[in-house]
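Let's look at a protein together and ask how we can justify the words used to describe it. Each answer sets a value against a rule.

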Amino acid sequence: MQVSADPRLQRVIDKLAAGERLDEADGLAMFETHDVVGLGRLANAEKERRTGPFVAFVLNRQINPTNVCVLSCRFCDFAAKVGDDHAYELSLQQIRERVSEPIREVHVVGGMHTDWPFERYVEVLDVIRDANPTAQIKAYTAVEIDFFAHLEKISVDEVFERLEAAGMQAMPGGGAEVFSERIRGIMYKEKIGHERWLEIHEIAHRRGLRTNATLLYGHVETYEERVRHLLMLRDLQDKTGGFLSFIPLAFQPGYTNIVSRQASAIEDLRTIAASRLMLDNFPHIKAYWVMLGAETASMALQWGADDLDGTIGEELIAHAALASSPAGMTTHKLVKLIREAGRLPVQRDALYNVVGVYPAPGYETHWSQRQGGEGTDPVATRGEMADARALDVEHHGVHTWDLVGDDGREVRKLAATPIDQVPEEERWLPSTAAEPVVRELA
Ligand code: SF4
């Protein structure tokens, strides 16, 4: 059994070994421990138990229809007022053009426009569904849902009814920030508080809509506030089981002057690991590369995360706050990041059904172990890791969380097959997404 020099982390290790649930004191111990490597090993063991060596991602496109917003959250560099130089509104035609690639998910979030009627937000979904009927739509945060209900003077259920009729199939986890009235008073006092956020997600879950959850960390919150946030999410998940994924969002300081720099990579990894262990009822922990940066996100795949989000296409919100990550990723680059982390990539849809599996690209050892071999060029051979041909396994009907069980046996076998030995009768996915990247930096 794992042993730690930190007695508080040792208590966490002992509790997990005994199958006991972690409490607030354990959460704090994980955020405060000096044994960050020990914490990572513990979270990684939990990740392995749930999804083995697999890491999922989705071919997706982010649509931020407008940055004009009635609110003025202090931490937000994205929002604008009508007439500002950087204010924008995407036309329905522009949205149509942006989602016509071969993607599986469209993620829609943005500002709450001063002049747009609710019908305009519904039309956004109509257009997406019409332009790409096979892409699943994950749309509008709880903050936007609450705004629509007030705008139309209708109930949250009625808002969902209209959006679902237009194609909404899942709901993103944004707008949660930190479940703390103290932080709300400092950073986003006009925005809905945690009670309303949780209420709206509960309504969504009751309707059968799956949702995600987030935590915005690395600004003025305390570790206690982070832990309480996780516990409130865990409580709702106990009640409804409707959350699919938890996404810790590293605060991007941008021009806000709230903190001088982004949380360190160690702080990011600690947060990923503590979340994996506290949220024992969440199927997935996501390393959102847009906020973490590709390198830290790749490391997080050994610290408890089992998902990298997706190709994104063009991210505007974090990049308005000077995020240094690329605005979008190619499939090749995501596959390579996952393989470099010693993991096996699988492609999923918005609801975490496994769509494709990437067979081993014809090498036996990790590239880093082959450096110095006679006659080899280790940098050149890294290219093999970017072979992004995927086998079509959607017909197996396997969820990402089934990959380690009996239902995932066939898919596991295909993932272990060297790419040049895949039986002829297996179907390949029709090429990977066309390069969806608008401004690829690396
Ligand atoms: S964080 Fe969201 S709600 Fe707040 S100002 Fe920015 S876009 Fe508007």
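**Reading a predicted model**

The shell around the ligand in this predicted model has 8 nonpolar, 2 polar and 1 charged residues.

Q: Which residues surround the ligand?
A: Around the ligand you will find Cys69, Leu71, Ser72, Cys73, Cys76, Phe78, Ala79, Gly111, Val143, Tyr188 and Lys191.

Q: What makes 1 residue of the shell around the ligand count as charged?
A: The list of surrounding residues includes Lys191. Asp, Glu, Lys and Arg count as charged, so Lys191 is given that label.

Q: How many helices and strands does the protein chain have?
A: There are 17 helices and 12 strands in the protein chain. Of its 442 residues, 49% count as buried.

Q: How do you know whether Leu308 is buried or exposed?
A: Count the neighbours! Leu308 has 28 other C-beta atoms within 10 Å. A residue is buried if that count is 20 or more, so Leu308 is buried.

Q: Where is Leu308, and which residues does Leu308 touch?
A: Leu308 sits in strand 9 (residues 307-310). Leaving out residues up to four places away in sequence, Leu308 touches Val55, Phe57, Ala287, Trp289, Ala297, Leu334, Leu337 and Ile338. Take Phe57: this residue is 251 residues apart from Leu308 along the chain, yet their C-alpha atoms are separated by 5.3 Å.

Q: Why is helix 3 called oblique to helix 11?
A: The axes of helix 3 (residues 36-51) and helix 11 (residues 265-278) cross at roughly 45 degrees and come within 9 Å. Roughly parallel needs an angle under 35 degrees, and roughly perpendicular runs from 65 to 115. The angle of roughly 45 degrees fits neither range, so helix 3 is oblique to helix 11. The crossing is left-handed.

Q: Which residues of helix 3 and helix 11 make the contact?
A: Helix 3 brings Val36, Leu39, Gly40, Leu42, Ala43, Glu46 and Lys47, while helix 11 brings Ile266, Leu269, Arg270, Ala273, Arg276 and Leu277. By class, this contact has 8 nonpolar, 1 polar and 4 charged residues.

Q: What makes helix 2 oblique to helix 10?
A: Here the axes of helix 2 (residues 24-32) and helix 10 (residues 223-240) cross at roughly 130 degrees. Roughly perpendicular ends at 115 and roughly antiparallel needs over 145. The angle of roughly 130 degrees lies between those cut-offs, so helix 2 is oblique to helix 10. Their crossing is right-handed.

Definitions and conventions. Residues are numbered from 1 along each chain as its sequence is written. This is a predicted model: local features need pLDDT of at least 70, side-chain atom pairs count only at pLDDT 80 or more; totals for chains, interfaces and linings use all residues. A residue is near a molecule or strand if its C-beta atom, placed from the backbone, lies within 6 Å of it. Axes are lines fitted to C-alpha atoms, for helices over the stretch in contact, and angles run from 0 to 180 degrees between N-to-C directions. Helices (H or I, at least four residues) and strands (E, at least two) are DSSP runs, numbered from the N terminus. A crossing is left-handed if the near helix is turned anticlockwise from the far one by less than a right angle, and right-handed if clockwise. Two residues are in contact if their C-beta atoms, placed from the backbone, lie within 7 Å. A residue is buried if 20 or more other C-beta atoms lie within 10 Å of its own, exposed if 12 or fewer, and partly exposed in between; C-beta atoms are placed from the backbone.
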